[in-house]
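Visitor: I would like a close look at one part of this model, with the cut-offs stated. Please start from the part that is divided into domains, and then set it in its surroundings.

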Amino acid sequence: MATLEIRDLHVTVEADNATKEILKGVDLTVKQGETHAIMGPNGSGKSTLAYSLAGHPKYTITGGTVTLDGEDVLEMSVDERARAGLFLAMQYPVEVPGVSVSNFLRTSATAVRGEAPKLRTWVKEVKEAMERLNMDPAFAERNVNEGFSGGEKKRHEILQLELLKPKMAILDETDSGLDVDALRVVSEGVNRVRETGEVGTLLITHYTRILRYIKPDYVHVFANGRIAESGGAELADKLEAEGYEAYTKGGASE
Amino acid sequence: MAEAQNIPVGSTTAGQIAVAAESTVATRMSAPASFDVADFPVPHGREEEWRFTPLERLRGLHDGTAVATGDGVKVDVDAPEGVVVETVGRDDARIGRAGTPVDRVAAQAYSAFEKAGVITVPKETVLTEPIRIAVHGEGGTRFGHQVIELGAFAEAVVVIDHTGDAVLAANVDYVLGDGAKLTVVSVQDWDDKAVHVGQHNALIGRDATFKSFVVTFGGDLVRLHPRVAYAGPGGEAELFGLYFTDAGQHQEHRLLVDHNVPHCKSNVVYKGALQGDDAHAVWIGDVLIEAAAEGTDTYEMNRNLVLTDGARVDSVPNLEIETGEIVGAGHASATGRFDDEQLFYLMARGIPELDARRLVVHGFFAELVQQIGVADIEERLLGKIAQELEASVA
């Protein structure tokens, strides 16, 4: 069973000619089939955790370990991590002009699966996945994220999640900027992947709203660069009622 | 790439639409067009038409010190049956009909060449295979002139392929008879040290169609002047260009479309990718719509993709309109960057760095490459792009 283990992770970032520590010792274990919600106020380091796991060059790991099935994730390049089974659905997916969605998806699936998917079954697979996410087929011929609305970008991220079938999915504020309908469609996509039981999910969010659609097994409150409290789904209800104030007194980082 | 977004540091994208009685394209040149090199002062680098060009790398083509070596640059023509291939003296009346040199190097080439090549496709002859002109440098210096003439309703594809190492100043005249269709692919696939300067004039007959692909990859310095004028109404010009400018290379394309007669069309699309320190691409796109040219339909576009730091693009579209009785006129220029965030996004989907770069650059050039229609050139071009990207990633 695939397991992502994060131990005492410390991460810094360079900003304004100064080195700033954002993650200050994160411990977390996510097993295949489990869903962990990471909640916390702005600036608590949630997104830094997501991007550090994916290997974004902006972040420097200064301590700790991350392993996926015992393999050292921190030693891997960004593309190696993806091929090892890590997937990051981004909060702000970037535009890639000149590259069509269909070409991008096929190139990505070829890289992750280790061989080019058979054309006939692939076309069908993509078409059906797009239908489930209420995406217009014309979407496939547009350039990656170019001119996409906020909701289209998030659907496109979840489309990739469904097609790439990772072992560990990190969803970075996938709910932000979505109206209720889009949130429902996107959540259903995530749930389809979860129901296979083959993915561990790290759901990073600021709001409890998405947890009505995606039921977490565990909820962690992130504050000041580490996990301040962990519990079951009931912890989300407490946050809904009381907010993050109890966790931010110590002074959140930017 | 959004319009004029992400302009890399050190690059310019400027444009203007002038509605003027006096053409600023004409007045900003340092001398009127002429076949005689003596009519042009030696440029010092501050002239409008020379300000982007590193004169010290022209190997004397601009100041009279470059001397033809006699051999060292080979020109071979391979033409299908029905085509007339000749080498003629300077006094042949067919030379220089498509246009007059507009700068000193073009005039130098015209004043210095000894023999000119003339290729004629007789009227109503429709070729199924391309005419191939191979210009191969073996370290020599050459002044050249080539005329390609299509009779009425003739159809041909011409590939001019520049390879090797040379210092070359050469002009090309394309003369299209009424209703003729000419596609020209000029490939500048030079070795690293080559210098190539030339003016390519097309004179488009009534209802004739001219399609040009200028593909520039190699050379230390390449500076080309593709120019179009119309001999009668109903002419169409499509000017496409691709360039891949590497570290240290200077690649300059200066286009002019002169809508001098009514009811003609022009469409200009040039796309360039740049990588490496001191890679410098220059694109000048001048379109004139003269007072007589009612019913003109024109559009010009330049797109640049900067792949690394240290590269520079200067892109200057310029449209001058002397009549409002036109179908359409527009221009666009944008320089975008392939940045770390795009690379991260693609790599985060499992795509290795080299494949990610190739995906982006192929995507960027694809719409133009697919239109060339000469399979071996298309393949070579994509192969070349892959090769240059590999070199940069390694």
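Guide: The domain assignment, automatic or from a database, splits chain B into domain 1 (12-340) and domain 2 (341-394). This is a predicted model, in which local features need pLDDT of at least 70 and side-chain atom pairs count only at pLDDT 80 or more, while totals for chains, interfaces and linings use all residues. Residues are numbered from 1 along each chain as its sequence is written, with chains lettered from A and ligands numbered from 1 in the order in which they are written.

Taken over C-alpha atoms, the centres of domain 1 of chain B and domain 2 of chain B are 26 Å apart. Domain 1 of chain B puts 23 residues into the contact and domain 2 of chain B puts in 20; two residues are in contact if their C-beta atoms, placed from the backbone, lie within 7 Å. On the domain 1 side, the elements giving two or more residues are strands S7 (155-176), S8 (181-190), S10 (209-216), S12 (236-245) and S14 (265-274) of chain B. Helices (H or I, at least four residues) and strands (E, at least two) are DSSP runs, numbered from the N terminus. That side of domain 1 of chain B has 16 nonpolar, 3 polar and 4 charged residues. Here Ala, Val, Leu, Ile, Met, Phe, Trp, Tyr, Cys and Pro count as nonpolar, Asp, Glu, Lys and Arg as charged, and the others, Gly among them, as polar.

Chain B as a whole has 5 helices and 18 strands. The radius of gyration of chain B is 20 Å, close to the 21 Å that the globule rule gives for 394 residues, so chain B is as compact as a globular protein of that length. The radius is taken over C-alpha atoms, and the rule is 2.2 Å times the number of residues to the power 0.38. The C-alpha trace of chain B spans about 60 × 50 × 45 Å along its principal axes. Of the 394 residues in chain B, 51% are buried, where buried means 20 or more other C-beta atoms within 10 Å of the residue's own, exposed means 12 or fewer, and partly exposed lies in between, with C-beta atoms placed from the backbone. Among contacts in chain B with a separation of 6 or more, 85% come from residues 24 or more positions apart.

Chain B also touches chain A, through 20 residues from chain A and 19 residues from chain B. Helix H2 (78-84), strand S7 (96-100) and helix H3 (101-113) of chain A each give two or more residues to the chain A side. H3(A) gives the most, with 5 residues. By class, the chain A side has 12 nonpolar, 6 polar and 2 charged residues.

As for chain A itself, it holds 8 helices and 12 strands. Its C-alpha trace spans about 55 × 40 × 40 Å along the principal axes, and 43% of the 254 residues in chain A are buried. Helix H1 (residues 46-54) of chain A is mostly covered, with 9 of its 9 residues buried; among them are A:Lys46, A:Thr48 and A:Tyr51. Just after H1(A), A:Gly55 takes a positive phi of about 95°.
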